[in-house]
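Work through the exercises below with the sequence and model at hand. Try each task before reading its solution.

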Amino acid sequence: MSKKTYYFVTGNTAGGFVNYLSSNLNNIDQIIIVKHPSATLKANIINRLIQTFQTTYDLEILCSTLGNDYVDGVIIRDKQTAVVTDRLAAADMPGAIVIDLEWFLQEEKKPLSENFIAINQSVQKAYDQFEMGLNIHDDLEQIYIHQMDFSRADELADDLIEKLLIGVPRKERTPHVFRRLFGTNTLDGAVNFVSHLITPLTYRYYLKGRAGTGKSVFMKKVAEACMNHGLDIELYHCSFDPNSVDMVLVRDLDFCIFDSTAPHEKNPDRRDDVVIDLYEEAVAPGTDETYADEIQRTTSAYKAHMTKGMKYLKDAGRLLRGIERNYKYIDRDVERMKDFILQHV
């Protein structure tokens, strides 16, 4: 039975807009770039392509930072083809074909450059707030870093690596890293697909801890060991700090380990699920209580910036919906566009 896998290759982060599309085009020979000012029209086309292929092929759905009503692309690995919007890809990418949807439409669109500028300004204000929040979050990390036994964390990581790779033949090949996000801050709010991504896997490790307790470093060690074994990995970056990692998923091992703390906290619901708690295992006892006031004050400060940032993103979302109402096209035109793209897939 064919399946659909949902994830993000872009994110609205404290480091600005990130785009990991290129790492996900491994062994993809053809990239069809759908070009048009209307995000709604492009999403409509891609959704119709998904409906066409979903009964026959496994599909990877590239979710959109613009919100739930949009989609940024679909990858059909069995056909070595990706169809993506011009938000993600440039015409000079190897194997790229650009299909400008305005070829199919008769009426000219009203210039809306001022509205697009307003959207970009709101999004940039969100990034500025996220960056300020991350700077404050670094202060929170310092509290736990100074109370952390990192040698114990290294032991736990080494034990897990040994358990994962024992009896697994080393592959003499260069592994590939698929860089993704399992969620991000969209113009509709925060979204994540953690449950969707981990549900098919047999071996699931829930990594818990506090800021600064080395969760990302732990997962990077696991990722590096798997790569040294010749295994491809899916590396899911943190949508708050893209330099950090929130999940490592290895299909060949039917395994994942992920940051199971807020804002994407999950708890085990299967007998074989495993919790690794770095706070319990490697932080000096009583740290939460000793530094409770400082932790509360710092947490409130960085969350305030995150709340402001999300408000700016939602403002951008309202502006975008206003822009989208200006575009007029009929179902027959959309179907014609879809059929034209199908001729190239």
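Glu294 lies in helix α8; helices are DSSP runs (H or I, at least four residues) and strands are E runs of at least two, numbered from the N terminus. The model is predicted, with local features needing pLDDT of at least 70 and side-chain atom pairs pLDDT 80 or more, while totals for chains, interfaces and linings use all residues. Residues are numbered from 1 along each chain as its sequence is written, and side-chain values use heavy atoms, leaving out hydrogens and water.

**Exercise 1.** Determine the exposure class of Glu294.

Solution. Start with the cut-offs: buried is under 20% relative accessible area, exposed over 50%, partly exposed in between (1.4 Å probe, protein chains only). Glu294 has 34% relative accessibility, so Glu294 is partly exposed.

**Exercise 2.** Describe how β2 and β3 are joined and paired.

Solution. Take the connection: a hairpin of two residues leads from β2 to β3. Next, the pairing (at least two DSSP bridges between strands). β2 (residues 10–13) and β3 (residues 16–19) are antiparallel, with four bridges. Thr13 faces Gly16 of β3 across the pair. Now check the sides of β2: Thr10 and Asn12 point one way, Gly11 and Thr13 the other, and all are buried.

**Exercise 3.** Place β15 among its partner strands.

Solution. Begin with burial: five of the five residues in β15 (residues 255–259) are buried. β12 (residues 203–208) runs parallel to β15 over five bridges. There, Leu207 stands opposite Asp259. β14 (residues 245–250) is antiparallel to β15, with four bridges. Met247 stands opposite Phe258. Finish with the β14–β15 hairpin: four residues separate the strands, and Asp254 has a positive phi near 55°.
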